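Subject: Structure handover

Hello,

Here is the structure I said I would pass on. My notes on its pockets follow below it.

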Amino acid sequence: MSLIESTIDHGTRTLTLNRPDKRNALNSAMVEALHDALRADAKDSTSRVVILTGAGSAFSSGADLEALREMRTAGPMQNRADSERLAALFDTIYTHPKPVIARVNGHAIAGGSGLAAVCDFAIAVESAKMGFTEVRIGFVPAIVMVYVRRKLGETALRDLMLRGRLIDAAEAAELGLIHQAVPESDLDAEVQALARDLSRDTSASAVALTKQMLSDVPGMGYREALDHAVQMNAFARATDDCQAGIRAFLNKSEMPWTKAFDAQTSGEPDEE
């Protein structure tokens, strides 16, 4: 059984965490498999959007019991290597050139909440519980904090990180940790509608460059960020997509990516 199931349909790739018997708990093999799948997708021009979800009733329950047992006896180098694997995965999701949507089909706890938080978009079922419970077992939500602090204000961040409490999907959406909480019956429709809008209505290169800026600019000083923005603005003007988009706009015709999506979806689903 594959730890990560990968399917693609009309330019939308779905990566499914496939340990339903373990509530899709994260171990080193799962982390590596997901990392590999994301890196492979980044090179695949046939996909425009990535959906990340879990098999069964949970999105991901965080670290599994065996991983916690190993943590107790691991040496410093082994612990560092394990931490670097998780950090590399989160970085790959956050900086992936395509939009990544978390389809939170059930509880997302600790590292599972981290997975959802680093995605560009997250839509969760109303029944899902989320939270960073690490401090309740003497651990620190260190890696995910780098990303969550970019999403939340300090008041909400300290409440979640220091108390380690679980919140429901509605509160997660209210705080800005996720984008939307929906009834289970609406989850697929909402996720697919978002994926369709991103694939049909946006330029792949413009989205990739925008994501790059969203990742880089917060770490820059004001002058450095402004200079970077000027360079990106100038570079973007010369890209094929910008040239084609301006031409279509001036000619009052459909954008080329919209035409390509409509042509693709009028046929049969892609095979993988």
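Which helices each supply at least two residues of the lining of the largest pocket? They are α1 (28-42), α2 (65-73), α3 (76-94), α4 (111-118) and α5 (142-151). Please keep in mind that this is a predicted model.

Largest pocket

The volume here is about 930 Å³. The lining is made up of 34 residues, and those nearest the centre of the pocket are A63, M71, D82, L86 and F139. Helix α3 gives the largest share of this lining, with seven residues. Sorted by class, the lining has 18 nonpolar residues, 10 polar ones and six charged ones.

Second largest pocket

This pocket holds about 370 Å³ of space. Its lining consists of 19 residues; Y94, C119, D120, K211 and L214 lie nearest the centre. At least two lining residues come from each of α4, α5 and α9 (204-216). The largest share, four residues, is from α9. The class split is 11 nonpolar, four polar and four charged.

Helices in both linings

Helices α4 and α5 each supply at least two residues to the lining of the largest pocket, and each also supplies at least two to that of the second largest. If you want a place to begin in the viewer, α3 has the largest share of the lining of the largest pocket, and α9 has the largest share in the second largest.

Regards

Notes:
Residues numbered from 1 in each chain as written. Predicted model: local features only at pLDDT ≥ 70, side-chain atom pairs only at ≥ 80, totals over all residues. Heavy atoms only, no water. 1 Å grid on protein atoms, 1.4 Å probe; cavity = no way out; pocket = protein on both sides within 12 Å on 5 of 7 lines; lining within 4 Å. Points joined across faces, edges and corners; volume = space filled by probe spheres on them. Nonpolar A, V, L, I, M, F, W, Y, C, P; charged D, E, K, R; others polar.
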